[in-house]
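Please look over the structure shown here, and then follow a short series of questions and answers about how its parts are arranged.

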Amino acid sequence: MATVGGLIRSSMRKIGVLAAGEALPADEGDDALQVFSQMVDAWTNETLLIPVVNVVTKELINNVSEYTIGVYPSTSIPDNHIETARPEKILAAFIRDSYETDYIQEVIDVKTFSRISRKTNGSRPSRFYVRQGWPLNSILFESVPYANETLHLEVVQPLSGILPAASLTEVINLPPGYERALIFNLCLDLADEWGKDISSLVATNAVEGKKWLKRNNYRDLVLGMDRAIATQRKGIGSYIIESGP
């Protein structure tokens, strides 16, 4: 498996900063590591470049309908906090009861959440709104969940969680295709830093590398509809697009 330092050396050779077999000077290695860290951080904003979907769970608390999620900024963590890397995206969610029955949760937008007139009813919710924040996001349920039931979230988290960039000796352990894409895209950033020109081949390989990763990481979207639309007039849970419910 490649290391961060090996990846940086490969990129520097491709843009003519290092000769074949030449060692990476310590000062240049530190500068290049900073550039690499910045690139990894920027890639997090392109969620299709993140190959891993993580499962995060939290046992719900009686009479609590709002939870924060992320890395808490202090050691005194409140009970209604979900301690994990702040998700870039929540792909799916459900609540599991004590009988191992799962109840799907729908992620709604702020306008839909604001139209819920009473949010303090004690009942198992079926929807929640994610209020974006920093360093924490907030999960706000449409009603007050039952205690002793567990929230399950399928989340996409920052790439830095699986692609360490703290030192040159860090090992890169990612699916096939990532090493090549990282090398050629790092060439673009390092060339600007060292005042080098980029060849058309390097630029093309950088673009194509990210394109292949996004194609492989693409997650199919499933067409859905609001449950209130479905009626029994044309079958339970059905909806005819051409003529309506």
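Q: Is strand 7 (residues 136–141) largely enclosed by the rest of the structure or open, judging by how many of its residues are buried?
A: In this predicted model, a residue is called buried when its relative accessible area is under 20%. Leu136, Ser138 and Leu140 point one way from strand 7, while Asn137, Ile139 and Phe141 point the other way, and all are buried. Because six of the six residues of strand 7 are buried, the strand is largely enclosed.

Q: Which strand is joined to strand 7 by five bridges?
A: Strand 6 (residues 127–131) pairs with strand 7 in the antiparallel sense over four bridges, with Arg131 having Ser138 as its bridge partner, and a hairpin of four residues joins strand 6 to strand 7. Another antiparallel pairing places Leu140 of strand 7 as the bridge partner of Glu66. The strand that runs antiparallel to strand 7 and is joined to it by five bridges is strand 2 (residues 66–70).

Q: Which residue has its backbone oxygen 2.6 Å from a polar atom of the side chain of Gln105?
A: Gln105 is found in strand 5 (residues 102–108), and its relative accessible area of 5% means that it is buried. Leaving aside neighbours within four places in sequence, Gln105 is in contact with residues including Phe94, Pro125, Arg127 and Phe141. The backbone oxygen that lies 2.6 Å from a polar atom of the Gln105 side chain belongs to Pro125.

Q: Which helix gives the most to the largest nonpolar core, and with how many residues?
A: The largest nonpolar core has 35 residues, and those with the most contacts inside it are Ile8, Phe36 and Leu182. Helix 1 (4–14), helix 2 (26–43), helix 4 (178–194) and helix 5 (200–217) each supply at least two residues of this core. The helix that gives the most to this core is helix 4, with nine residues.

Q: Which residues does Leu182 touch, not counting residues up to four places away in sequence?
A: Leu182 is one of the residues with the most contacts inside the largest nonpolar core. In soluble globular proteins, nonpolar side chains tend to be buried together. With residues up to four places away in sequence not counted, Leu182 touches Leu7, Ser11, Phe36, Met39, Trp43, Leu163, Ile172 and Leu174.

Q: How many residues are in the second, separate core?
A: The largest nonpolar core has 35 residues, but a second core is separate from it. This second core includes Leu60, Val64, Ile90 and Phe128, and its number of residues is 16.

Note on methods. Residues are numbered from 1 along each chain as its sequence is written. This is a predicted model: local features need pLDDT of at least 70, side-chain atom pairs count only at pLDDT 80 or more; totals for chains, interfaces and linings use all residues. Side-chain values use heavy atoms; hydrogens and water are left out. Buried means under 20% relative accessible area, exposed over 50%, partly exposed in between (1.4 Å probe, protein chains only). A polar contact is a pair of N or O atoms within 3.5 Å; within protein, one must be able to donate a hydrogen and the other to accept it, and residues adjacent in sequence count only if both atoms are side-chain atoms. Contact means heavy atoms within 4.5 Å. A nonpolar core is a set of buried Ala, Val, Leu, Ile, Met, Phe, Trp, Tyr and Cys residues joined through side-chain atoms within 4.5 Å. Two strands pair if DSSP finds at least two bridges between them.
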